[in-house]
Amino acid sequence: MTIQWFPGHMAKARREVTEKLKLIDIIYELVDARIPVSSRNPMIDEIIQHKPRLILLNKADIADPVRTKEWIQYFSDQGHTALAINSQAGSGLHQITSTSKVLLHDKLERMKSRGIKPRAIRAMIVGIPNVGKSTFINRLAKKNIAKTGNTPGVTKAQQWIKVGKELELLDTPGILWPKFEDQEVGLKLALTGAIKDTILNLQEVATYGMRFLEKNYPDRFSERYGIKEIPEDIVELFDAVGKFRGCMASGGGVDYDKTAELFIREVRSEKLGRLTFDDPNAIETDEAIESASENIE
(Lines give C-alpha, C1' and ligand atoms only; values in the text may rest on other atoms or scores of the structure.)
Protein backbone atom coordinates (compact mmCIF):
# COMPACT_ATOMS: atom_id res chain seq x y z
CA MET A 1 0.00 0.00 0.00
CA THR A 2 1.39 3.41 -1.00
CA ILE A 3 0.07 6.11 1.32
CA GLN A 4 -0.17 9.60 -0.19
CA TRP A 5 -2.46 12.42 0.90
CA PHE A 6 -2.04 16.02 -0.26
CA PRO A 7 -5.37 17.86 -0.65
CA GLY A 8 -5.38 21.14 -2.55
CA HIS A 9 -5.76 23.30 0.56
CA MET A 10 -2.44 21.93 1.85
CA ALA A 11 -0.52 23.14 -1.21
CA LYS A 12 -2.14 26.55 -0.73
CA ALA A 13 -1.25 26.50 2.98
CA ARG A 14 2.41 25.98 2.17
CA ARG A 15 2.42 29.13 0.02
CA GLU A 16 0.61 31.12 2.71
CA VAL A 17 3.01 29.96 5.44
CA THR A 18 5.95 31.16 3.33
CA GLU A 19 4.31 34.55 2.73
CA LYS A 20 3.54 35.17 6.43
CA LEU A 21 6.99 34.15 7.65
CA LYS A 22 8.38 37.69 7.67
CA LEU A 23 5.81 38.68 10.32
CA ILE A 24 6.80 35.84 12.66
CA ASP A 25 9.25 35.81 15.59
CA ILE A 26 9.18 32.10 16.40
CA ILE A 27 7.76 28.83 15.08
CA TYR A 28 5.83 26.45 17.30
CA GLU A 29 6.13 23.06 15.67
CA LEU A 30 3.59 20.62 17.06
CA VAL A 31 4.44 16.96 16.70
CA ASP A 32 2.72 13.84 18.02
CA ALA A 33 4.73 12.60 21.02
CA ARG A 34 4.01 9.01 19.90
CA ILE A 35 5.76 9.64 16.56
CA PRO A 36 7.97 12.71 17.08
CA VAL A 37 9.95 12.26 13.86
CA SER A 38 7.34 10.58 11.66
CA SER A 39 4.95 13.47 12.43
CA ARG A 40 7.49 16.13 11.46
CA ASN A 41 6.97 17.43 7.95
CA PRO A 42 10.38 17.66 6.23
CA MET A 43 8.98 20.47 4.04
CA ILE A 44 8.72 22.63 7.18
CA ASP A 45 12.52 22.79 7.46
CA GLU A 46 12.67 24.21 3.93
CA ILE A 47 9.86 26.70 4.56
CA ILE A 48 10.80 28.17 7.95
CA GLN A 49 14.55 28.18 7.28
CA HIS A 50 16.43 29.80 10.19
CA LYS A 51 13.53 31.07 12.29
CA PRO A 52 13.77 30.19 16.02
CA ARG A 53 11.75 27.07 16.69
CA LEU A 54 10.14 25.43 19.71
CA ILE A 55 9.18 21.78 19.21
CA LEU A 56 6.09 20.79 21.20
CA LEU A 57 5.56 17.07 21.78
CA ASN A 58 1.78 17.06 22.02
CA LYS A 59 -0.32 14.15 23.30
CA ALA A 60 2.50 13.30 25.71
CA ASP A 61 -0.14 11.84 28.05
CA ILE A 62 -0.67 8.89 25.70
CA ALA A 63 2.98 8.43 24.68
CA ASP A 64 5.53 6.22 26.43
CA PRO A 65 7.00 8.58 29.10
CA VAL A 66 10.45 6.96 28.95
CA ARG A 67 10.62 7.48 25.20
CA THR A 68 9.37 11.09 25.54
CA LYS A 69 12.32 11.96 27.79
CA GLU A 70 14.65 10.35 25.26
CA TRP A 71 13.12 12.40 22.44
CA ILE A 72 13.49 15.68 24.33
CA GLN A 73 17.17 14.86 24.83
CA TYR A 74 17.49 13.85 21.17
CA PHE A 75 16.11 17.18 19.95
CA SER A 76 18.37 19.02 22.41
CA ASP A 77 21.36 17.19 20.95
CA GLN A 78 20.20 18.37 17.50
CA GLY A 79 20.17 21.99 18.71
CA HIS A 80 16.40 22.30 19.21
CA THR A 81 14.40 23.05 22.35
CA ALA A 82 11.48 20.67 22.93
CA LEU A 83 8.71 20.51 25.54
CA ALA A 84 6.29 17.69 26.34
CA ILE A 85 2.70 18.95 26.50
CA ASN A 86 -0.87 17.72 26.70
CA SER A 87 -3.13 20.26 25.02
CA GLN A 88 -6.28 18.42 26.08
CA ALA A 89 -5.54 18.84 29.79
CA GLY A 90 -3.34 21.93 29.45
CA SER A 91 -0.27 20.41 31.08
CA GLY A 92 3.08 21.85 30.05
CA LEU A 93 1.56 24.92 28.35
CA HIS A 94 2.68 27.30 31.12
CA GLN A 95 6.30 26.84 29.99
CA ILE A 96 5.74 28.00 26.42
CA THR A 97 5.85 31.81 26.79
CA SER A 98 8.86 31.80 29.13
CA THR A 99 10.74 29.33 26.90
CA SER A 100 9.93 31.49 23.86
CA LYS A 101 11.43 34.53 25.59
CA VAL A 102 14.63 32.59 26.23
CA LEU A 103 14.85 31.52 22.58
CA LEU A 104 14.17 35.10 21.44
CA HIS A 105 16.41 36.78 24.01
CA ASP A 106 18.86 38.29 21.50
CA LYS A 107 16.10 39.63 19.24
CA LEU A 108 14.16 41.13 22.15
CA GLU A 109 17.32 42.78 23.47
CA ARG A 110 18.09 44.28 20.04
CA MET A 111 14.57 45.70 19.84
CA LYS A 112 14.94 47.14 23.34
CA SER A 113 18.31 48.76 22.52
CA ARG A 114 16.75 50.45 19.49
CA GLY A 115 14.02 51.93 21.63
CA ILE A 116 11.29 49.77 20.13
CA LYS A 117 8.37 49.36 22.52
CA PRO A 118 7.82 45.80 23.77
CA ARG A 119 5.09 43.96 21.87
CA ALA A 120 3.55 40.52 21.93
CA ILE A 121 5.64 37.64 20.60
CA ARG A 122 4.30 36.53 17.23
CA ALA A 123 4.35 32.78 16.84
CA MET A 124 3.31 30.60 13.91
CA ILE A 125 1.93 27.16 14.67
CA VAL A 126 2.77 24.44 12.18
CA GLY A 127 2.13 20.72 12.21
CA ILE A 128 0.58 17.85 10.33
CA PRO A 129 -3.20 17.17 10.44
CA ASN A 130 -4.74 15.87 13.64
CA VAL A 131 -1.69 16.64 15.76
CA GLY A 132 -3.86 18.82 18.03
CA LYS A 133 -3.16 22.38 16.87
CA SER A 134 -6.72 23.66 17.37
CA THR A 135 -7.01 22.12 20.85
CA PHE A 136 -3.60 23.62 21.70
CA ILE A 137 -4.73 27.10 20.60
CA ASN A 138 -8.04 26.94 22.46
CA ARG A 139 -6.37 25.78 25.66
CA LEU A 140 -3.61 28.39 25.42
CA ALA A 141 -6.06 31.20 24.61
CA LYS A 142 -8.50 29.88 27.24
CA LYS A 143 -11.43 30.12 24.84
CA ASN A 144 -12.86 28.17 21.91
CA ILE A 145 -11.43 30.09 18.96
CA ALA A 146 -10.07 27.40 16.68
CA LYS A 147 -12.34 24.74 15.25
CA THR A 148 -11.44 21.27 16.55
CA GLY A 149 -12.20 17.76 15.43
CA ASN A 150 -10.82 14.22 15.33
CA THR A 151 -10.86 14.26 11.54
CA PRO A 152 -7.56 15.27 9.89
CA GLY A 153 -7.78 18.48 7.87
CA VAL A 154 -10.36 20.40 9.96
CA THR A 155 -8.42 23.69 9.88
CA LYS A 156 -8.29 25.00 6.30
CA ALA A 157 -7.49 28.71 6.80
CA GLN A 158 -5.00 30.86 8.69
CA GLN A 159 -6.11 33.00 11.61
CA TRP A 160 -4.45 35.23 14.25
CA ILE A 161 -5.27 34.53 17.90
CA LYS A 162 -4.27 36.73 20.85
CA VAL A 163 -3.08 34.96 24.01
CA GLY A 164 -3.05 37.62 26.73
CA LYS A 165 -0.67 40.53 26.18
CA GLU A 166 2.51 38.54 25.59
CA LEU A 167 1.67 36.23 22.73
CA GLU A 168 -0.07 36.24 19.34
CA LEU A 169 -0.54 32.98 17.46
CA LEU A 170 -0.95 32.38 13.75
CA ASP A 171 -2.67 29.06 13.16
CA THR A 172 -2.11 27.23 9.88
CA PRO A 173 -3.82 24.21 8.32
CA GLY A 174 -2.10 20.88 8.83
CA ILE A 175 0.34 20.18 6.04
CA LEU A 176 1.39 16.69 4.99
CA TRP A 177 4.01 16.16 2.36
CA PRO A 178 3.01 14.89 -1.09
CA LYS A 179 4.65 11.46 -0.87
CA PHE A 180 6.19 9.47 1.97
CA GLU A 181 9.59 8.18 0.89
CA ASP A 182 9.55 5.71 3.80
CA GLN A 183 6.26 3.80 3.79
CA GLU A 184 6.74 2.92 7.47
CA VAL A 185 6.31 6.63 8.20
CA GLY A 186 2.98 6.50 6.36
CA LEU A 187 1.88 3.47 8.39
CA LYS A 188 2.76 5.18 11.67
CA LEU A 189 0.81 8.28 10.64
CA ALA A 190 -2.13 6.10 9.64
CA LEU A 191 -2.04 4.08 12.87
CA THR A 192 -2.07 7.20 15.05
CA GLY A 193 -4.85 8.94 13.09
CA ALA A 194 -3.05 11.60 11.05
CA ILE A 195 -4.49 10.32 7.76
CA LYS A 196 -8.17 9.81 6.98
CA ASP A 197 -9.17 6.18 7.59
CA THR A 198 -11.39 6.25 4.51
CA ILE A 199 -8.37 6.24 2.16
CA LEU A 200 -6.49 3.48 4.02
CA ASN A 201 -6.23 -0.28 3.89
CA LEU A 202 -6.97 -0.74 7.60
CA GLN A 203 -5.96 -4.40 7.61
CA GLU A 204 -2.47 -3.43 6.45
CA VAL A 205 -2.26 -0.66 9.04
CA ALA A 206 -3.42 -3.05 11.78
CA THR A 207 -0.90 -5.67 10.65
CA TYR A 208 1.90 -3.14 11.03
CA GLY A 209 0.61 -2.15 14.49
CA MET A 210 0.28 -5.72 15.71
CA ARG A 211 3.80 -6.63 14.62
CA PHE A 212 5.16 -3.45 16.19
CA LEU A 213 3.54 -4.24 19.55
CA GLU A 214 4.66 -7.86 19.32
CA LYS A 215 8.26 -6.64 19.05
CA ASN A 216 8.21 -3.61 21.37
CA TYR A 217 5.36 -4.12 23.86
CA PRO A 218 4.72 -7.91 23.79
CA ASP A 219 3.37 -8.24 27.33
CA ARG A 220 0.70 -5.58 26.79
CA PHE A 221 -0.35 -7.10 23.48
CA SER A 222 -0.60 -10.64 24.87
CA GLU A 223 -2.48 -9.50 27.97
CA ARG A 224 -4.99 -7.33 26.09
CA TYR A 225 -5.98 -10.08 23.64
CA GLY A 226 -5.47 -13.19 25.75
CA ILE A 227 -2.64 -14.54 23.57
CA LYS A 228 -0.08 -16.69 25.41
CA GLU A 229 2.15 -17.18 22.37
CA ILE A 230 1.89 -14.71 19.48
CA PRO A 231 1.60 -16.67 16.18
CA GLU A 232 3.93 -15.91 13.29
CA ASP A 233 1.17 -16.28 10.71
CA ILE A 234 -0.72 -12.99 10.42
CA VAL A 235 -4.04 -14.70 9.63
CA GLU A 236 -3.74 -16.76 12.82
CA LEU A 237 -2.93 -13.57 14.70
CA PHE A 238 -6.02 -11.80 13.32
CA ASP A 239 -8.07 -14.89 14.19
CA ALA A 240 -6.79 -14.86 17.78
CA VAL A 241 -7.48 -11.14 18.28
CA GLY A 242 -10.84 -11.24 16.48
CA LYS A 243 -12.16 -14.27 18.38
CA PHE A 244 -11.04 -12.91 21.75
CA ARG A 245 -12.72 -9.54 21.13
CA GLY A 246 -15.86 -10.96 19.46
CA CYS A 247 -15.25 -9.59 15.95
CA MET A 248 -17.17 -12.35 14.18
CA ALA A 249 -18.80 -12.41 10.75
CA SER A 250 -22.31 -13.72 10.16
CA GLY A 251 -20.98 -17.05 8.81
CA GLY A 252 -19.10 -17.80 12.02
CA GLY A 253 -15.60 -16.79 10.94
CA VAL A 254 -13.57 -13.79 12.08
CA ASP A 255 -14.45 -10.44 10.48
CA TYR A 256 -10.99 -9.17 9.58
CA ASP A 257 -12.13 -5.64 8.73
CA LYS A 258 -13.88 -5.30 12.07
CA THR A 259 -10.82 -6.76 13.85
CA ALA A 260 -8.53 -4.25 12.16
CA GLU A 261 -10.83 -1.32 13.01
CA LEU A 262 -11.10 -2.42 16.65
CA PHE A 263 -7.35 -2.87 17.07
CA ILE A 264 -6.56 0.53 15.54
CA ARG A 265 -9.21 2.19 17.72
CA GLU A 266 -7.72 0.57 20.85
CA VAL A 267 -4.19 1.69 19.92
CA ARG A 268 -5.43 5.28 19.57
CA SER A 269 -7.51 5.25 22.76
CA GLU A 270 -4.74 3.98 25.08
CA LYS A 271 -6.37 0.59 25.65
CA LEU A 272 -2.91 -0.90 25.12
CA GLY A 273 -1.23 1.65 27.36
CA ARG A 274 0.97 4.60 26.49
CA LEU A 275 2.78 3.84 23.23
CA THR A 276 5.55 5.47 21.22
CA PHE A 277 6.27 4.21 17.72
CA ASP A 278 9.42 6.23 16.91
CA ASP A 279 12.69 5.26 18.60
CA PRO A 280 15.44 7.93 18.89
CA ASN A 281 18.05 5.21 19.35
CA ALA A 282 17.10 3.70 15.98
CA ILE A 283 17.54 7.08 14.27
CA GLU A 284 20.97 7.55 15.80
CA THR A 285 21.94 4.05 14.62
CA ASP A 286 20.74 4.82 11.08
CA GLU A 287 22.69 8.09 11.06
CA ALA A 288 25.84 6.31 12.24
CA ILE A 289 25.49 3.72 9.46
CA GLU A 290 24.97 6.46 6.83
CA SER A 291 27.99 8.38 8.10
CA ALA A 292 30.16 5.24 8.02
CA SER A 293 29.00 4.51 4.45
CA GLU A 294 29.88 8.03 3.30
CA ASN A 295 33.35 7.74 4.85
CA ILE A 296 33.95 4.44 3.02
CA GLU A 297 32.92 6.02 -0.29
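User: Which residue of β4 is the bridge partner of Tyr-28?

Analyst: Two strands pair if DSSP finds at least two bridges between them. Strands (E, at least two residues) and helices (H or I, at least four) are DSSP runs, numbered from the N terminus. Here, Tyr-28 has Ile-125 of β4 as its bridge partner. This is a predicted model, in which local features need pLDDT of at least 70 and side-chain atom pairs count only at pLDDT 80 or more, while totals for chains, interfaces and linings use all residues. Residues are numbered from 1 along each chain as its sequence is written, and side-chain values use heavy atoms, with hydrogens and water left out.

User: How many bridges join β1 to β4, and do these strands run parallel or antiparallel?

Analyst: β1 and β4 run parallel and are joined by 4 bridges. β4 (residues 121-126) also runs parallel to β6 (residues 167-171), again with 4 bridges between them. Within that second pairing, Ala-123 stands opposite Leu-169 of β6.

User: How many residues of strand β4 are buried?

Analyst: A residue is buried under 20% relative accessible area, exposed over 50% and partly exposed in between (1.4 Å probe, protein chains only). In β4, 5 of the 6 residues are buried, so the strand is largely enclosed by the rest of the structure. For the protein as a whole, which has 12 helices and 6 strands, buried residues make up 47% of its 297 residues.

User: What does Asp-25 contact, apart from its neighbours in sequence?

Analyst: Contact means heavy atoms within 4.5 Å. Asp-25 is placed in the loop between α1 (8-20) and β1, and it is buried because its relative accessible area is 5%. Beyond its neighbours within four places in sequence, Asp-25 is in contact with several residues, including Lys-51, Pro-52, Leu-104 and Ile-121. A polar contact is a pair of N or O atoms within 3.5 Å; within protein, one must be able to donate a hydrogen and the other to accept it, and residues adjacent in sequence count only if both atoms are side-chain atoms. One such contact, of 2.8 Å, joins the side chains of Asp-25 and Arg-119. In addition, a polar atom of the Asp-25 side chain lies 2.8 Å from the backbone nitrogen of Arg-122.

User: Is Asn-58 buried or exposed?

Analyst: Asn-58, in strand β2, is buried, with a relative accessible area of 2%. Residues up to four places away in sequence being left out, Asn-58 touches nine others by name: Leu-30, Val-31, Asp-32, Ala-33, Ile-85, Asn-86, Ser-87, Val-131 and Gly-132. Across the protein, among contacts between residues at least 6 apart in sequence, 70% join residues at least 24 apart.

User: What is the phi of Lys-59?

Analyst: Most residues other than glycine have a negative phi. Lys-59, which is not a glycine, has a positive phi of about 65°. Lys-59 is in the loop between β2 (53-58) and α3 (65-77) and is buried, at 18% relative accessible area. Glu-270 also has a positive phi, near 70°, and is not a glycine. Glu-270 is in the loop between α11 and α12 (280-296) and is partly exposed, at 34%.

User: How many residues of helix α7 are buried?

Analyst: Helix α7 (residues 183-192) is mostly covered, with 8 of its 10 residues buried. Among them are Val-185, Leu-187 and Lys-188. The buried residues of α7 pack against β1 (26-32), α8 (202-216) and α11 (256-268). At the N-terminal end, α7 is capped by Asp-182, which has a side-chain oxygen 2.9 Å from the backbone nitrogen of Glu-184. After α7 comes Gly-193, with a positive phi near 95°.

User: At what angle do α7 and α11 pack?

Analyst: Axes are lines fitted to C-alpha atoms, for helices over the stretch in contact, and angles run from 0 to 180 degrees between N-to-C directions. α7 and α11 pack at about 80°, and their axes are 8 Å apart. α7 is therefore roughly perpendicular to α11, a term that covers 65 to 115 degrees. Ala-190, Leu-191 and Thr-192 of α7 make this contact with Phe-263, Ile-264, Val-267 and Arg-268 of α11.

Key
Parallel < 35°, antiparallel > 145°, perpendicular 65-115°, else oblique.
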